Amino acid sequence: MFRDAFDRGLSKLGASVHHRRDDHNEVVIVDFGCGTGTSTRRLAKQYPQATQLIGIDLSPYFIDVGRTLLKLAPSAIDASRPLPTGWITAIDSDERIQLRQGDIANTPFPSDSVSVVNLSMVLHELPISAAKEVILEAYRILEPGGQLW
């Protein structure tokens with residue numbers, strides 16, 4: 001319910017993704033603090049025009065679990081049948097999604113290079129000094145006209 005409320009709130013506030021200003025026509029969404037990729041996968045479904053969705057989390061364990069889910073779930077799920085025992089949610093494979101282990105306060109992305117930075121359920125977990133660093137990094141990598149969610 002919380003994630004749905006977040007999605008509805010973004011929509012009401014005018015969240016949108018657009019093509020980059022260069023000739024590549026790429027739409028890159030970076031999901032800070034993605035955990036196992038739940039929010040990254042949701043963004044992929046909501047924004048089919050995104051050409052890349054990159055989830056970043058400090059925890060190598062969460063990234064490994066998220067990558068494993070993306071590998072295993074498509075072969076385990078048949079949309080015409082109920083979910084197999086042990087699966088709570090259907091997980092769709094999506095070649096646009098990459099999950100990476102890393103520090104969201106110091107990413108490898110060039111300045112002005114991404115369309116959207118998503119910070120769903122992240123900032124409340126951080127001390128104020130770390131939250132400021134993360135927000136500054138988000139603004140550094142956002143292209144002009146990009147959005148911070």
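## A quick tour: salt bridges, then a cavity

Let's start with charged pairs: this structure holds two salt bridges. Keep in mind as you click around that you are looking at a predicted model.

**Stop one.** Select Arg-96 and Asp-94 and show their side chains. They meet in a salt bridge, with N to O at 2.7 Å. Are these two residues buried or exposed? Both Arg-96 and Asp-94 are buried.

**Stop two.** Now pick out helix 4, residues 128-141. On this helix, select Glu-137 and Arg-140, which form the salt bridge here; their closest N and O atoms are 2.7 Å apart. How far apart are Glu-137 and Arg-140 along the helix? They sit three residues apart in helix 4, so about one helical turn separates them. Try a surface view next: Glu-137 is buried, at 6% relative accessible area, while Arg-140 is partly exposed, at 29%.

**Stop three.** Time to look for empty space. Searching the whole structure turns up one cavity of 30 Å³ or more. About 70 Å³ of space lies inside this cavity.

To see what surrounds the cavity, select Arg-3, Phe-6, Asp-7, Leu-10, Ser-39, Arg-42, Leu-43, Gln-46, Asn-118 and Ser-120, the residues of its lining. Which elements give two or more residues to that lining? Color helix 1 (2-12) and helix 2 (38-46), and you have them.

Last, try coloring the lining by residue class. You'll get three nonpolar, four polar and three charged residues. Arg-3, Asp-7 and Arg-42 are among the residues to click on in this lining.

How values were computed. Residues are numbered from 1 along each chain as its sequence is written. This is a predicted model: local features need pLDDT of at least 70, side-chain atom pairs count only at pLDDT 80 or more; totals for chains, interfaces and linings use all residues. Side-chain values use heavy atoms; hydrogens and water are left out. On a 1 Å grid over the protein atoms alone, a cavity is a set of points where a 1.4 Å probe fits but cannot get out, and a pocket is an open set with protein on both sides within 12 Å along at least five of seven lines; lining residues have an atom within 4 Å of a point. Grid points are joined across faces, edges and corners, and a volume is the space filled by probe spheres set on the points. Helices (H or I, at least four residues) and strands (E, at least two) are DSSP runs, numbered from the N terminus. Ala, Val, Leu, Ile, Met, Phe, Trp, Tyr, Cys and Pro count as nonpolar, Asp, Glu, Lys and Arg as charged, and the others, Gly among them, as polar. A salt bridge is a side-chain nitrogen of Lys or Arg within 4 Å of a carboxyl oxygen of Asp or Glu. Buried means under 20% relative accessible area, exposed over 50%, partly exposed in between (1.4 Å probe, protein chains only).
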